[in-house]
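Visitor: I should like to go through this model step by step, from its overall make-up to single residues. Please give the reasoning along with each answer.

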Amino acid sequence: MEIKLQRQELRVLKCSRCNSDLDVSSKFCPSCGSRIEVNPEVKRTKIAKLASKYANKIPTYWYGTQISFESITDKEKKNLLKFDKNLYVDDFVYMYDKSITHNCTEGMLFMLSGIYVKDLPLGRAHFFRYSDISSMNVVSYDSLRLYLRNNMSKEISVCWKSEPLKELLEKILEIDKQCDTSYTNSSDSGYTNGIFGQGNRKAYMDGQRNGYNRCSREYEIKLRKQADKFLMQIKNVENQKVEYRQLLDEYEKTIEEYEVLLENTNSKEYDSRLTRIKETYNQLNLLKS
């Protein structure tokens with residue numbers, strides 16, 4: 001089940017379904033088990049503002065331009081596929097476009113789930129999923145090494161100032177921890193294969209909008225909802241088992257108390273009550289099997 005959250009910016013405060021306190025990194029409510037779905041637009045806006053703030057601090061030389069998700073054109077979106085054929089253009093956030101012709105063929109590309117770095121127009125891009133980055137180390141003025149959780153590392157160098165880039169990425173990683181959207185990108189961290197050829201890119205992007213990516217996302221959301229429903233049912237069953245065992249314990253204690261009372265008083269009323277209680281207890285006890 002998808003639920004909305006009461007929040008202050010990205011920081012999660014309460015589960016709107018059961019009102020329990022939530023940790024900022026929670027993906028499920030610890031009390032009711034509901035999946036916490038965070039609006040990606042909050043994350044997109046936050047990253048875009050940061051990227052815009054650092055735009056004049058990071059490039060070592062600047063003859064390119066900045067592109068925001070609010071201003072990107074359809075033509076520019078098609079060119080993004082030169083970075084990665086699996087890139088979902090609607091997840092674009094911000095770009096430092098360092099190409100002389102301003103055609104989005106090289107630079108640094110910020111997406112909802114990670115960043116692409118591409119230093120040559122016809123070269124291959126390198127994708128870094130935010131959740132895969134474990135640490136960063138400044139090697140030199142224009143060289144930053146990223147360490148990934150799979151024990152791999154990659155150096156970003158040549159045209160990016162390392163200190164402000166490290167500062168920016170650290171802030172973005174904090175946002176990513178609070179707003180997980182890793183499911184939005186099917187690429188793993190590493191080199192990617194782009195699509196070169198305007199006709200091919202147009203056909204591929206149209207396919208993203210009208211076919212595979214949209215359908216696969218809808219199917220994933222459907223599966224997630226089904227899984228959440230099943231997990232909720234399992235949780236309810238477990239809660240019912242606990243309540244059932246507690247009820248049996250109560251009946252057993254009550255039976256013991258009435259047996260003592262009956263032994264001491266030989267009361268017909270107690271005997272009648274005890275008989276009825278035992279009948280109910282036996283019916284409940286049969287549920288064990």
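Guide: A definition is needed beforehand: a residue counts as buried under 20% relative accessible area, as exposed over 50%, and as partly exposed in between. The model under discussion is a predicted one.

Visitor: Is Asp 180 buried, exposed or partly exposed?

Guide: Asp 180 is found in the loop between helix 3 and strand 13. Its relative accessible area is 29%. Buried requires a value under 20% and exposed a value over 50%, so Asp 180 is partly exposed.

Visitor: What separation do the C-alpha atoms of Asp 180 and Lys 43 have?

Guide: Lys 43 is one of the buried residues of helix 1, whereas Asp 180 is found in the loop between helix 3 and strand 13. The two residues are 137 residues apart along the chain, and their C-alpha atoms are separated by 9.1 Å.

Visitor: How many helices and strands are there in the protein chain, and what percentage of its residues count as buried?

Guide: The protein chain holds six helices and 13 strands. Among its contacts between residues at least 6 apart in sequence, 57% join residues at least 24 apart. Of the 289 residues, the part that counts as buried is 40%.

Visitor: In what order do the six strands of the open sheet stand, and which strands are at its edges?

Guide: The pairing in this open sheet is antiparallel, and the order of its six strands is 5-6-7-8-9-13. A strand at the edge has a single partner strand, so one side of it is left without a neighbour in the sheet; this applies to strand 5 (65-68) and strand 13 (190-191).

Visitor: Over how many bridges do strand 6 and strand 7 pair, and which helix packs on the sheet there?

Guide: Strand 6 (residues 92-97) and strand 7 (residues 107-111) pair in the antiparallel sense over five bridges. Phe 92 stands opposite Met 111 in strand 7. The helix that packs on the sheet touches strand 5, strand 6 and strand 7, and its direction makes about 15° with that of strand 6; this is helix 1 (residues 40-54).

Visitor: Why do the buried residues of helix 1 lie on the same side of it?

Guide: The buried residues of helix 1 are Lys 43, Arg 44, Ile 47, Ala 48, Leu 50, Ala 51 and Tyr 54. What covers them includes strand 6, strand 7 and helix 3, while the face turned away from the buried side carries the exposed residues Lys 49 and Lys 53. The buried residues are on the same side because they cover an arc of only 165° around the axis.

Visitor: What distance separates the end C-alpha atoms of helix 3, against its expected span?

Guide: Helix 3 has 17 residues, which should span 24 Å at 1.5 Å a residue. The computed distance agrees with this expectation, as the end C-alpha atoms are 25 Å apart.

Visitor: Which element gives the most to the largest nonpolar core?

Guide: This core has 31 residues, of which Tyr 96, Phe 110 and Trp 160 touch the most other members. Helix 1, strand 6, strand 7, strand 8, strand 10 (133-140), strand 11 (143-148) and helix 3 (162-178) each supply at least two residues. A second, separate core of 15 residues includes Ile 67, Cys 104, Met 111 and Phe 127. In the largest core, the greatest contribution is six residues, from helix 3.

Visitor: How many residues lie between strand 10 and strand 11 in their hairpin?

Guide: Strand 10 and strand 11 pair in the antiparallel sense over six bridges. Asn 137 has Arg 145 as its bridge partner in strand 11, and Val 138 stands opposite Leu 144. The two strands form a hairpin, and the number of residues between them is two.

Visitor: Is Gly 114 buried or exposed, and which residues is it in contact with beyond its sequence neighbours?

Guide: Gly 114, in strand 8 (residues 114-118), has a relative accessible area of 0%, so it is buried. Its C-alpha atom is separated by 6.9 Å from that of Phe 127, 13 residues apart along the chain. Leaving aside neighbours within four places in sequence, the contacts of Gly 114 are Leu 109, Phe 127, Phe 128, Arg 129 and Tyr 130.

Conventions. Residues numbered from 1 in each chain as written. Predicted model: local features only at pLDDT ≥ 70, side-chain atom pairs only at ≥ 80, totals over all residues. Heavy atoms only, no water. Pairing = 2+ DSSP bridges. Helix = DSSP H or I, 4+ residues; strand = E, 2+ residues; numbered from the N terminus. Contact = heavy atoms within 4.5 Å. Axes fitted to C-alpha atoms, helices over the stretch in contact; angles between N-to-C directions. Buried < 20%, exposed > 50% of the residue type's maximum accessible area, 1.4 Å probe, protein only. Core = buried A, V, L, I, M, F, W, Y, C linked by side-chain atoms within 4.5 Å. Arc of directions from axis to C-beta. Expected span 1.5 Å × (residues − 1).
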